[in-house]
Amino acid sequence: HTRAMYYAEEACRLFPKEGNAYGCRAFVKCAKKHYSDSIEDCNKAIELLSNRWFYNTRGRCYRGLGKYYEALEDFVRAHRLDQDYPYAVTNAKGIVKKIGISNVIHTAATEKAGGDFEKAKRYLDGVLLADPSNEEGLQEIGGWYYDKRNYYEALEYWKKALELNKSCKNYYLCSAAYFGLNDRQNAKKYCKLALDSLD
């Protein structure tokens, strides 16, 4: 750690406008559990360069400080930058498990109701990273797109929920999406299926 910090400090001194220099120093500080100092370097690194590694490192620091929702947001940001980056997925799964998946969904719904749609979306993305087949998560993220009037995306998520559970609610949600798309034939069809499922 001492040698690593020396080289990281040199990198920051020699290349003060390089995000990777601060990212390197942040990584060493995180490893030494100097979480607050590491977050400061991550912030500098992210200002200079958007990189999955910086977000993942900052997320690990937030996790170390017990700031689990901030950590989840950063793991989701890292995954958005590179969907093949396994550490972001692993870390997101761990933090959602620690918070509780139903708690994350509830918090996302609260943020959406308060008008912070982007924060709500990050939480819901975290839910689906942790459990891609979570019915309530699929319903909620479909609702997020529906509220944004992106009915195609809403329908995609609600149909995934319907595949998991042929419930009245899921049929009705699909009907609402079709109605938003002005596809009255399918809207009526799925509305009827919703009523039939109650028999």
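Which residues does lysine 29 touch, not counting residues up to four places away in sequence? The answer is Met5, His34, Asp37, Ser38 and Asp41, where touching, or contact, means heavy atoms within 4.5 Å.

Before going further, a word on the model: it is predicted, so local features need pLDDT of at least 70 and side-chain atom pairs count only at pLDDT 80 or more, while totals for chains, interfaces and linings use all residues. Residues are numbered from 1 along each chain as its sequence is written, and side-chain values use heavy atoms, leaving out hydrogens and water.

Back to lysine 29, which sits in helix α2. Helices here are DSSP runs (H or I, at least four residues), numbered from the N terminus. Lysine 29 counts as buried because its relative accessibility is 14%; buried means under 20% relative accessible area, exposed over 50%, and partly exposed in between, with a 1.4 Å probe and protein chains only.

Helix α2 (residues 19–31) has a partner in helix α3 (residues 35–48): their axes come within 8 Å and cross at roughly 160°. That angle makes α2 roughly antiparallel to α3, a label for angles over 145 degrees. The axes are lines fitted to C-alpha atoms over the stretch in contact, and angles run from 0 to 180 degrees between N-to-C directions. From α2, the contact draws on residues including Gly19, Tyr22, Ala26 and Lys29, and from α3 on residues including Tyr35, Asp37, Asp41 and Leu48. The contact residues divide into 7 nonpolar, 3 polar and 5 charged. Ala, Val, Leu, Ile, Met, Phe, Trp, Tyr, Cys and Pro count as nonpolar, Asp, Glu, Lys and Arg as charged, and the others, Gly among them, as polar.

Now for two loop residues, neither of them glycine, with positive phi.

| Residue | Phi | Loop | Relative accessible area |
|---|---|---|---|
| Lysine 33 | near 65° | between α2 and α3 | 61%, exposed |
| Asparagine 182 | about 60° | between α11 (168–180) and α12 (184–196) | 62%, exposed |

Finally, the interior. A nonpolar core is a set of buried Ala, Val, Leu, Ile, Met, Phe, Trp, Tyr and Cys residues joined through side-chain atoms within 4.5 Å. The largest has 41 residues, of which Leu72, Ile95 and Val104 touch the most other members. Not counting residues up to four places away in sequence, isoleucine 95 touches Arg63, Tyr68, Ala71, Leu72 and Phe75. A second, separate core of 11 residues includes Ala11, Cys12, Ile46 and Phe54.

Technical notes:
Helices (H or I, at least four residues) and strands (E, at least two) are DSSP runs, numbered from the N terminus. Angles under 35 degrees count as roughly parallel, over 145 as roughly antiparallel, 65 to 115 as roughly perpendicular and the rest as oblique.
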